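Me: I am new to this structure and would like to understand why its parts carry the labels they do. Could we go through the reasoning step by step?

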Amino acid sequence: HSFSAGSFFLMFLGVYLLSMGASGLNEYYERETDKLMKRTASRPIPSGLISPRQALIAIALFIIIGSLCLSVLSIYALILGLINVVLYAFIYTPLKYKTNLATIPGGLVGAIPPLMGWYAAGQQQLSLGIIFFAAFMFLWQIPHFLILNLRFSEDYKKAGIATIVGEMSSTKFRFIFLIWTVCTVLISLLFPSVGLITQPIQLYACIIINITVLLLFTYLVFHKGGERIIKGNRYMHLYLLVQFLFILFGQFAF
């Protein structure tokens with residue numbers, strides 16, 4: 001299916017603006033608790049850079065314009081985008097203060113954008129490839145969230161946010177972290193079977209990258225102690241970037 005530069009721009013702008021709107025609603029909801037945490041105290045609302053009313057006006061504009069952009073491309077992309085706004089701002093954000101299981105709807109928020117792009121590009125039916133990629137995005141976010149829980153546990157306690165760190169032993173936390181990491185690696189290794197990876201060089205790279213990530217985090221978990229998992233945050237982001245690049249490489253290089 002042909003996908004023009006104009007369509008790509010509309011898709012990018014629509015997703016970006018809805019993301020800004022959802023993030024803005026999150027910050028509006030947390031404007032008081034953000035003042036209590038060092039990493040969020042400098043955000044626009046708690047720092048006084050803008051008022052809550054000004055923030056709501058900007059948020060409304062982001063969501064309206066973003067929705068219009070996606071509506072031009074696909075009604076499905078629009079619906080998924082609005083579902084994501086609701087998931088992030090009205091389900092995930094309030095749940096953070098009640099249960100550490102809020103990471104589940106939080107992970108779904110990251111799994112939906114690939115599906116939005118799929119429909120915005122003109123596809124009408126889901127394929128196994130895009131479903132597996134969305135599942136990978138969901139799974140990847142759980143160990144990422146766990147690292148943030150560990151890194152900012154004291155800040156979260158000050159703000160009254162439920163964290164998994166304070167509710168279980170270090171050993172159990174490390175075990176859960178490793179299980180989610182293994183699941184992320186396993187679904188990535190299935191990419192060749194669903195057409196996301198089609199070239200031999202991609203296959204070899206996929207195996208090497210995923211085995212390296214698994215060995216690295218196993219080492220950090222069992223040989224360096226739970227707190228050292230925090231050091232692996234940059235590797236988790238690098239892992240995601242490399243996965244993106246190799247999938248794109250296969251789509252455009254051959």
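Reply: Let us start with a definition: helices are DSSP runs of H or I with at least four residues, numbered from the N terminus. The model is a predicted one, and in it I161 lies in the loop between helix 6 (153-159) and helix 7 (170-189).

Me: Why is I161 called buried?

Reply: A residue counts as buried when its relative accessible area is under 20%, and I161, at 9% relative accessibility, therefore falls on the buried side of that cut-off.

Me: What is I161 in contact with, leaving aside its neighbours within four places in sequence?

Reply: Contact requires heavy atoms within 4.5 Å, and by that test I161 is in contact with E30, M37, K96, Y97 and Y156, once its neighbours within four places in sequence are left aside. As for Q123, the C-alpha atoms of I161 and Q123 are 39 Å apart in space, while the two residues are 38 residues apart in sequence.

Me: Where does T93 lie, and what makes T93 count as buried?

Reply: T93 belongs to helix 3, which covers residues 75-95. Its relative accessibility is 0%, and because buried means under 20%, T93 counts as buried. Leaving aside neighbours within four places in sequence, T93 is in contact with N26, Y29, E30 and Y88. With Y88 there is also a polar approach, in which the side chain of T93 reaches the backbone oxygen of Y88 at 2.8 Å, a value that lies within the 3.5 Å set for a polar contact.

Me: How do you know how many disulfides there are?

Reply: A disulfide is a covalent bond between the sulfur atoms of two cysteines. The rule asks for a pair of cysteine sulfur atoms within 2.5 Å, and by this rule the count comes to zero disulfides. Take C206 as a case: the closest cysteine sulfur, in C183, is 16 Å from the sulfur of C206, which is too far for a bond. C206 is buried at 3% relative accessibility, and C69 is buried as well, with a relative accessible area of 8%.

Me: How many aromatic pairs does the structure hold, and why is the pair of F133 and F244 called tilted?

Reply: The structure holds 13 aromatic pairs. For F133 and F244, the ring centres are 5.7 Å apart, within the 6.5 Å limit for a pair, and the planes stand at 50°, neither under 30 nor over 60 degrees, so the pair is tilted. Because F133 lies in helix 5 (residues 128-151) and F244 in helix 9 (residues 233-252), this pair ties together parts that are 111 residues apart in sequence. F133 is buried with a relative accessible area of 13%, whereas F244, at 29%, is partly exposed.

Me: What makes the pair of F136 and Y239 edge-to-face?

Reply: The centres of these rings, F136 and Y239, are 5.9 Å apart and their planes are at 75°, which is over 60 degrees, so the pair is edge-to-face. F136 lies in helix 5 and Y239 in helix 9, so parts that are 103 residues apart in sequence are tied together. F136 is buried at 0% relative accessible area, and Y239 counts as buried at 3%. One aromatic cluster is formed by F133, F136, F191, Y239 and F244.

Me: How do you know that R31 lies over the face of Y28?

Reply: The distance part of the test asks for CZ of Arg within 6 Å of the ring centre, and R31 lies over the face of Y28 at 4.2 Å from the ring centre. R39 lies over the face of F152, at 4.6 Å from the ring centre.

Conventions: Residues are numbered from 1 along each chain as its sequence is written. This is a predicted model: local features need pLDDT of at least 70, side-chain atom pairs count only at pLDDT 80 or more; totals for chains, interfaces and linings use all residues. Side-chain values use heavy atoms; hydrogens and water are left out. Helices (H or I, at least four residues) and strands (E, at least two) are DSSP runs, numbered from the N terminus. Buried means under 20% relative accessible area, exposed over 50%, partly exposed in between (1.4 Å probe, protein chains only). A polar contact is a pair of N or O atoms within 3.5 Å; within protein, one must be able to donate a hydrogen and the other to accept it, and residues adjacent in sequence count only if both atoms are side-chain atoms. Rings of Phe, Tyr and Trp (its six-membered ring) pair if their centres lie within 6.5 Å; planes under 30 degrees apart count as stacked, over 60 as edge-to-face and the rest as tilted. A charge sits over a ring if NZ of Lys or CZ of Arg is within 6 Å of the ring centre and within 35 degrees of the ring normal.
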